[in-house]
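I opened this notebook to keep track of what I looked up, residue by residue and element by element. The entries follow the order in which I turned to each topic.

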Amino acid sequence: ALDEVRWLIGGVGLLSLAALGGATGWIVRAGMRPLVDLSGQIEAVPVGETGGRFRLARATAEIEPVVERLNALMARVEEAIRNEREFTSNAAHELRNPLTPIVNAVAMLERVSGAHSGVARARDTIDRQSGQLVRLIDDLMDVSRVTQDRLELRREVVLLRDVFDMVFEAVRPVLIERNLHL
């Protein structure tokens, strides 16, 4: 009879332990479900996009502060992206304004000075460098337009040789100045 009671207690104990383990697993999974939902929302926010806010219908008191902090972080990121876009746009316009008279002055200098070698070299250097600045500012303005979804991009075939030639022309003065060969 004692053996039967021992087996009965052992069986009931094992069944109780299994039921307790199952209930604990279910409770943990149910408690983690809001975090899984939050993780999915975070993953769904596209890179570089703003305006994403997180909401949990079944958020516990422990998780609510995390959601609030994430939403505050998203607001700061949104503000930083807006400031960066505004700065890029303003910087491009502000850099272009003083450069236009320089380009015009070089063109006038070319008409007035003719082929005087010292003036011609200085004029060519100014012309080349101001041209690089104009292209850099144009690129900066394009970046500003792209980040504000105001630039339509088109795909086209580009010959790699032409790209190399363009890059070589940009660095050729430095190569000549330093007596380097490419």
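Is Thr88 buried or exposed? I find Thr88 buried, because its relative accessibility is 7%, where buried means under 20% relative accessible area, exposed over 50% and partly exposed in between (1.4 Å probe, protein chains only).

**Basis of the entries.** I am reading a predicted model, in which local features need pLDDT of at least 70 and side-chain atom pairs count only at pLDDT 80 or more, while totals for chains, interfaces and linings use all residues. Residues are numbered from 1 along each chain as its sequence is written, and side-chain values use heavy atoms, with hydrogens and water left out.

**Confidence.** I looked up pLDDT, the predictor's confidence in each residue from 0 to 100, and noted an average of 82 for the protein, with 93% of the residues scoring at least 70. Among the elements, helix H3 (residues 117-147) has the lowest mean pLDDT, 79, and H1 has the highest, 88. I keep in mind that where pLDDT is low, the predicted coordinates should not be read in detail.

**Thr88 and Ala105.** I placed Thr88 in helix H2, helices here being DSSP runs (H or I, at least four residues) numbered from the N terminus. Not counting residues up to four places away in sequence, Thr88 touches Leu140, Val143 and Ser144, a contact meaning heavy atoms within 4.5 Å. Ala105 is also found in helix H2, but I note that Ala105 counts as partly exposed because its relative accessibility is 39%. From C-alpha to C-alpha, Ala105 and Thr88 are 27 Å apart in space, with their positions 17 residues apart in sequence.

**Nonpolar core.** Which residues make up the largest nonpolar core? I list 6 residues in all, namely Leu38, Phe54, Leu56, Ile63, Val67 and Met74, a nonpolar core being a set of buried Ala, Val, Leu, Ile, Met, Phe, Trp, Tyr and Cys residues joined through side-chain atoms within 4.5 Å. I then followed Leu56, which is in contact with Pro34, Asp37, Leu38, Gln41, Ile63 and Val67 when neighbours within four places in sequence are left aside. As background, nonpolar side chains in soluble globular proteins tend to be buried together.

**Nonpolar patch.** On the surface I noted a nonpolar patch of about 340 Å², made by Val28, Met32, Leu35 and Val36. Patches are made of residues with over 30% relative accessible area and no salt bridge, like charges being joined within 9 Å and nonpolar side chains (Val, Leu, Ile, Met, Phe, Trp, Tyr) within 5 Å. The accessible areas come from the Shrake-Rupley method with a 1.4 Å probe, and for residues only the protein chains shown count as cover. Met32 of this patch lies in helix H1 (residues 2-44), and I record Met32 as partly exposed because its relative accessibility is 41%.

**Salt bridges.** How many salt bridges are there? I count 7, a salt bridge being a side-chain nitrogen of Lys or Arg within 4 Å of a carboxyl oxygen of Asp or Glu.

In one of them Arg6 pairs with Asp3, the closest N and O atoms being 3.7 Å apart. Because these two residues are 3 residues apart in helix H1, Arg6 and Asp3 are separated by about one helical turn. Arg6 counts as exposed at 54% relative accessibility, whereas Asp3 counts as partly exposed at 48%.

Glu79 forms a salt bridge with Arg82, with 2.3 Å between the closest N and O atoms. Both lie in helix H2 (residues 64-113), 3 residues apart, about one turn of the helix. I find Glu79 partly exposed at 35% relative accessibility and Arg82 partly exposed at 42%. These two also belong to a network of salt bridges that links Arg53, Glu78, Glu79 and Arg82.

Asp165 forms a salt bridge with Arg161, where the closest N and O atoms are 3.6 Å apart. Both residues lie in helix H4 (residues 160-177), 4 residues apart, about one turn of the helix. Asp165 is partly exposed at 33% relative accessibility, while Arg161 is exposed at 60%.

**Backbone at Asn179.** My last entry concerns Asn179, which lies in the segment after H4 and has a positive phi of about 55° although it is not a glycine. I record Asn179 as exposed, because its relative accessible area is 62%.
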